[in-house]
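Visitor: Could you take me on a close look at a single part of this model? I'd like one helix and whatever surrounds it, and then how that ties in with the rest.

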Amino acid sequence: MSDSTMHEHHPAASGHRPTLAEVAQRAGVSRSTASLAFSGAGPVSDATRARVFAAAESLGYGGPDPVARSLRSGRSGVIGVVIEERVRDAFRDPMNIAMLDGLSDGTSSLGTALLLLPDTDEPESQAPRRPGPIETAAMDAVVLVGCSTRLDRPVSVLRRRGIPIVAIEAKPMEGVLEIALDNREASATAARHLYELGHRDIAVVTLPLGPQHAAGPLSADWQEEATSYTAAQRLSGVLDVYTTLRGWMAPASSTASGIAAGRALLSDAEHRPTAIIAQSDLLAVGILRAAEELGLSVPQDISVVGFDGIRLDGYGPWNLTTLVQPAVEKGRAAGIGIARLLAGETPKPTLLRCTFRRGATTAAPRATD
């Protein structure tokens, strides 16, 4: 095809930007019908839609101008998803992927896109802070995920902007729609299971407790220092059953972090706990690998409980005792809440519950001579 033929076929190649009106004229439909064909929101037949798209292709028309459409509708078509991890870390956790699947499903009726916004700012930093995406990004609503107890700044910013807010697993806040998980009650269930089996010396491997994602022994003042609402609630659940506990803070929900925690807690035979509660299944898998590495039998020498209920295909052969959380439903509830908020409604908070699933990684502690 010659250049002249290509220019004739695609007017946009000559510098002219085709319009929706030109597409409608070529397709033999009204401008409103062409608009509905692109939006996918109206009663347009498949044949008409195909004719509009063929006309658009022949003219080199790429679709309605998103800025102009946003100005007309007063909406950006974007839902912000604020995560407190780097994106590469967040997507290593299958729970986050499942939650985002549910969120996408819950917002599907809105025809919106999801925009991931990592919020890893440290409040203690003395460096001048530039406005971030929470202050500047065009968004119709925001979902806060993996929530810290230090949400005052982002919430106040979003309130000033008049943006509806939904928070998943966050402390209750006025003006924020809460999608809660029974983290404390679920963790108490796991702890009670171990207590009834006869375990009195247990340890907990936590999700990241603070903004630094530090690794190391759980300090006595963890309640004052913790900024992760989910991790703190799960620790409190264990303390509802055990009056004291020891633990290890993991820097991430990962098998590598679990292996490091397992080595730290299990290497010293004299001070080895008889059971470990991990705050995620990935951490639990790492602990199981560390136990295997040290020559320990599970559950004869050490019992292990996880949290999440992920499929362990590819992680190991274990039938893990764990708490199964409704991750997809959690995201879907957030998405439905957003849709209702944008419709001008006042939805009520949602509380979702975990299910205890006993596997083959817990048993009564080995009798001592």
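Guide: Here is a walk that starts at one helix and works outward. Keep in mind that this is a predicted model.

Let's pick α14, which runs over residues 281–293. A quick sanity check on its geometry: at 1.5 Å a residue, its 13 residues should span 18 Å, and the C-alpha atoms at its ends are indeed 18 Å apart, so the two agree. Just past the helix, G295 adopts a positive phi of about 80°.

How much of α14 is buried? Most of it is covered, with 10 of the 13 residues counting as buried. The buried stretch starts with D281, L282, L283, A284, V285, G286, I287 and L288, and A290 and A291 belong to it too. And what does the covering? Among the elements over those buried residues are α7, β6, α13, β9, β10 and β11 (322–324).

That list leads straight to the largest nonpolar core, which has 51 residues. α14 makes the largest contribution to this core, with 7 residues. At least two residues each come from α7 (94–106), α10, β6, α12 (229–239), α13, β9 (275–278), α14 and β10 (303–305). Which members touch the most others? Those are V205, L209 and I276.

V205 is a handy place to stand if you want to look around. Setting aside residues up to four places away in sequence, V205 touches L283 and I287, both of which are buried residues of α14. The other contacts of V205 are W248, A250, A261, L265, I276, I277, A278 and Q279. I276 turns up here as a contact of V205, and I276 is also one of the well-connected core members named above.

A little further along the chain is P208, in the loop between β6 and β7 (216–217). P208 counts as buried, because its relative accessible area is 15% and the cut-off for buried is under 20%. Beyond its neighbours within four places in sequence, P208 is in contact with H213, S228, A231, A250, P251, A252 and S253. A250 therefore appears in the contacts of P208 as well as in those of V205. Q279, another contact of V205, sits 9.7 Å from P208, C-alpha to C-alpha, with their positions 71 residues apart in sequence.

Back to α14 for its charged end. E293 makes a salt bridge with R263, and their closest N and O atoms are 2.8 Å apart. R263 belongs to helix α13 (residues 255–266) and E293 to α14, so this pair ties together parts 30 residues apart in sequence. Both partners are partly exposed: E293 has a relative accessible area of 49%, and R263 has 40%.

That bridge is part of a wider set, since a search of the whole structure turns up 10. Another one joins D201 and R246, at 3.1 Å from N to O. D201 lies in the loop between α10 (183–197) and β6 (202–206), while R246 is in strand β8 (residues 246–249), 45 residues away along the chain. Here too the partners are partly exposed, D201 at 32% relative accessibility and R246 at 29%.

For a local pairing, look at R49 and D46, whose closest N and O atoms are 3.6 Å apart. Both sit in helix α4 (residues 46–59), 3 residues apart, which puts about one helical turn between them. Is each end buried or exposed? R49 is buried at 17%, whereas D46 is exposed at 64%. There is also a network of salt bridges linking E169, R234 and K330.

Last stop, the sheet. It is open, with 6 strands in the order β2-β1-β3-β4-β5-β12 and parallel pairing. β2 (113–118) and β12 (350–352) stand at the edges with a single partner strand each, so one side of each has no neighbour in the sheet. From one strand to the next the twist averages 20°. At the β12 edge, β5 (residues 177–181) pairs with β12 over 3 bridges, and I179 has T350 as its bridge partner there. Packed on this sheet is helix α15 (residues 327–342), which touches β1 (78–83), β3 (141–145), β4 (165–168), β5 and β12. The direction of α15 makes about 165° with that of β4.

Definitions and conventions. Residues are numbered from 1 along each chain as its sequence is written. This is a predicted model: local features need pLDDT of at least 70, side-chain atom pairs count only at pLDDT 80 or more; totals for chains, interfaces and linings use all residues. Side-chain values use heavy atoms; hydrogens and water are left out. Two strands pair if DSSP finds at least two bridges between them. Helices (H or I, at least four residues) and strands (E, at least two) are DSSP runs, numbered from the N terminus. Axes are lines fitted to C-alpha atoms, for helices over the stretch in contact, and angles run from 0 to 180 degrees between N-to-C directions. Contact means heavy atoms within 4.5 Å. A salt bridge is a side-chain nitrogen of Lys or Arg within 4 Å of a carboxyl oxygen of Asp or Glu. Buried means under 20% relative accessible area, exposed over 50%, partly exposed in between (1.4 Å probe, protein chains only). A nonpolar core is a set of buried Ala, Val, Leu, Ile, Met, Phe, Trp, Tyr and Cys residues joined through side-chain atoms within 4.5 Å. The expected span of a helix is 1.5 Å times one less than its number of residues.
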